[in-house]
Amino acid sequence: MEEDAAFKSGFVSLLGRPNVGKSTLMNRVLGAKIAITSPKPQTTRNKIVGIHTAPGHQIIFLDTPGIHKSNKPLNRMMVKEAKKAAADADLAVMIIEADNPWTEEDLLTLDLVETLEMKRVLAINKVDKVHRAAVLPLIDHSSKLSVFEEIVPLSALKGDNVDRFVEVVAGLLEEGPLLFPDDVLTDQAERFWAAEIIREKVVRRTRQEIPYSTAVMIEEFAESPGLIRIKAAILVERETQKRIVIGKAGAMIKEIGSAARHDLENFWGQKVFLELYVKHDKNWWRTQTER
């Protein structure tokens, strides 16, 4: 009988322009919502760690903010976070879209990826949006860049070829120990995760002006048998935004709270009592950039 293959482990950064599907891909691999997602770009603000453990390997994904040009302090902080995560990883995965490949912002990410002294994989996401005949020329063009060890077409949303993606990434990692317990999905504190889920619901349910002007602060987090109690403040920059998040007769904040509670209860497997309120704080973003 042949000996079992050596166990492999390592940190893998997910890099790409905003809204390319990094968080969706990580959530798909993990089988759980660890990073928040939204059709609106730049949803991820910090490095999110997602841990995938399977027989023979453990992959620690670093889901990063989108690489883009911006003069805004918060956005510059987000790009800085992405670059730091890339440098800290053992392997880099760059993600582009099959239906909109190699944009100017993709090339910004490529510039970063080319500087990394590690193995690199290109994931071509959203292949479900194009005809199969269009994928092969894109793979051929991308392979001529001579940057990537492997190129994997996939659909993070549909799950197409994601198993192959995991197989490729695991195969490129070095031998290593189990770095986290095999039943752990993320190293983020429960307070952080709760805040991110609430923020996702704000992003998805408010107008375009809200996402970059809001944060969530967990003020109380108490666990008891069968119940988690959370009190959170949704921070906005302007009074007009406060009215939008609250909604007519409190309808919007009730909808946000209901959707967030549903996701939190599914993740923790127990009841959640969630109390939300909206607070006007024009300087909330300073706590995000002063680090």
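This report describes strand β5, its two neighbouring strands and two residues with positive phi, in a predicted model.

**Strand β5 and its partners**

Strand β5 spans residues 119-125 and is mostly covered, with six of its seven residues buried. β5 pairs with strand β4 (residues 91-97) in the parallel sense, over seven bridges. Within that pairing, Ala92 has Arg120 of β5 as its bridge partner. β5 also runs parallel to strand β6 (residues 150-153), to which four bridges join it. Here Ala123 stands opposite Val152 in β6.

**Connections through helices**

Helix α3 (residues 104-115) forms a right-handed β-α-β unit together with β4 and β5. Helix α4 (residues 132-143) forms a right-handed β-α-β unit with β5 and β6. β5 therefore belongs to both units, as the strand that follows α3 and the strand that precedes α4.

**Residues with positive phi**

Most residues other than glycine have a negative phi. Ser146, in the loop between α4 and β6, has a positive value. Asn161, in the loop between β6 and α5 (162-172), has a positive value as well.

| Residue | Phi | Relative accessibility |
|---|---|---|
| Ser146 | near 55 degrees | 65% |
| Asn161 | near 65 degrees | 36% |

Ser146 counts as exposed because its relative accessibility is 65%, and exposed means over 50%. Asn161 counts as partly exposed because its relative accessibility is 36%, which falls in between the cut-offs of 20% and 50%.

Technical notes
Residues are numbered from 1 along each chain as its sequence is written. This is a predicted model: local features need pLDDT of at least 70, side-chain atom pairs count only at pLDDT 80 or more; totals for chains, interfaces and linings use all residues. Side-chain values use heavy atoms; hydrogens and water are left out. Buried means under 20% relative accessible area, exposed over 50%, partly exposed in between (1.4 Å probe, protein chains only). Two strands pair if DSSP finds at least two bridges between them. A crossover is right-handed if, with the strands pointing away from the viewer, the path from the first strand over the helix to the second runs clockwise.
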